[in-house]
Structure formats: structure tokens, C-alpha cells
Amino acid sequence: DRCVFSSPELKDIQFISSNYYNKLEVARFPSTLGKFVGYTESGVKQANIWNSNPSFISAVKAQREAYCVTNVGIDY
């Protein structure tokens, strides 16, 4: 998981959660898109499963506030 700070504005902070297997990124959740994107065949399947679960997507979206916004003063 990581935060991308393009400016000091809170609305411009992006949360990215990447999933790797054997050093290859298979799926990613960018908060600007609001859903998982798969980059491999198995990653696409897993992303579809995660995206079909609204409570899981809501929890991952909340990580932007919990993980990035609370630490903007430290990181920026």
C-alpha cells in the first residue's frame, strides 16, 4: 500500500494498494478509480471477485482516509 501526494490538497491524495505474486503485480486498487484492476489472467479474475463485494470495496476505499489523509503531515 502506498499514498501518492501530488499536492498538499487533501482531495489530490491517491491511495494505491497493489497485489503481487512472484514479484509481478497482478492487481491494483487506485482510489481515483475506486475499483480493482487486474494485470494478469489470475489478477483479472481476482479483481472481479473483489469488485463484486461492495463491503470489501467500501473498506478499501476507507483506507485512503485512514492511511493517507491522517499521515499527510508526516509524508508531505
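Here is a short walk through this predicted model, one selection at a time.

**Start with the whole chain.** Show everything as a cartoon and color it by secondary structure. You should find 3 helices and 4 strands. Follow the chain from the N terminus and the elements come in the order β-β-β-β-α-α-α. The C-alpha trace spans about 40 × 30 × 15 Å along its principal axes.

**Now pick out the strands.** They make an open sheet with the order β1-β2-β3-β4 and antiparallel pairing. Look at the two edges: β1 (residues 2-5) and β4 (37-38) each have a single partner strand, so one side of each has no neighbour in the sheet.

**Select residues 2-5 and 13-21.** That gives you β1 and β2. These two strands pair in the antiparallel sense over 4 bridges. Want one pair to zoom in on? Click Phe5, whose bridge partner in β2 is Ile13.

**Add residues 24-30.** This is β3, and 6 bridges join β2 to β3, again running antiparallel. Find Asn19, then look for Ala27, its bridge partner in β3. Where the chain turns from β2 to β3 there's a hairpin with 2 residues between the strands. Click Asn22 in that turn: its phi is positive, at about 55°.

Stay on β3 for a moment and switch on a surface. How many of the 7 residues of β3 are buried? The count is 5, so β3 is largely enclosed by the rest of the structure. Here, buried means under 20% relative accessible area. For the chain as a whole, 34% of the 76 residues count as buried.

**Move on to residues 37-38.** You're at β4, which 2 bridges join to β3 in an antiparallel run. Arg28 stands opposite Val37 here, so to speak face to face across the pairing. The β3-β4 hairpin has 6 residues between its strands. In this turn, select Gly34, which has a positive phi of about 80°.

**Next, select residues 54-68.** This is helix α2, and it lies across β1, β2 and β3. Turn the view until you can see β2 and the helix together: α2 runs at about 115° to β2.

**Finish with the side chains.** Color by charge and you'll have 8 positive and 7 negative side chains. The centres of those two sets lie 7 Å apart. Then bring the surface back for a last look: the accessible surface comes to about 5,000 Å², and 54% of it belongs to carbon and sulfur atoms.

Definitions and conventions
Residues are numbered from 1 along each chain as its sequence is written. This is a predicted model: local features need pLDDT of at least 70, side-chain atom pairs count only at pLDDT 80 or more; totals for chains, interfaces and linings use all residues. Side-chain values use heavy atoms; hydrogens and water are left out. Two strands pair if DSSP finds at least two bridges between them. Contact means heavy atoms within 4.5 Å. Axes are lines fitted to C-alpha atoms, for helices over the stretch in contact, and angles run from 0 to 180 degrees between N-to-C directions. Buried means under 20% relative accessible area, exposed over 50%, partly exposed in between (1.4 Å probe, protein chains only). Accessible areas come from the Shrake-Rupley method with a 1.4 Å probe; for residues, only the protein chains shown count as cover. Lys and Arg count as positive and Asp and Glu as negative; His and the chain ends are not counted. The place of a charge is taken as NZ of Lys, CZ of Arg, CG of Asp or CD of Glu.
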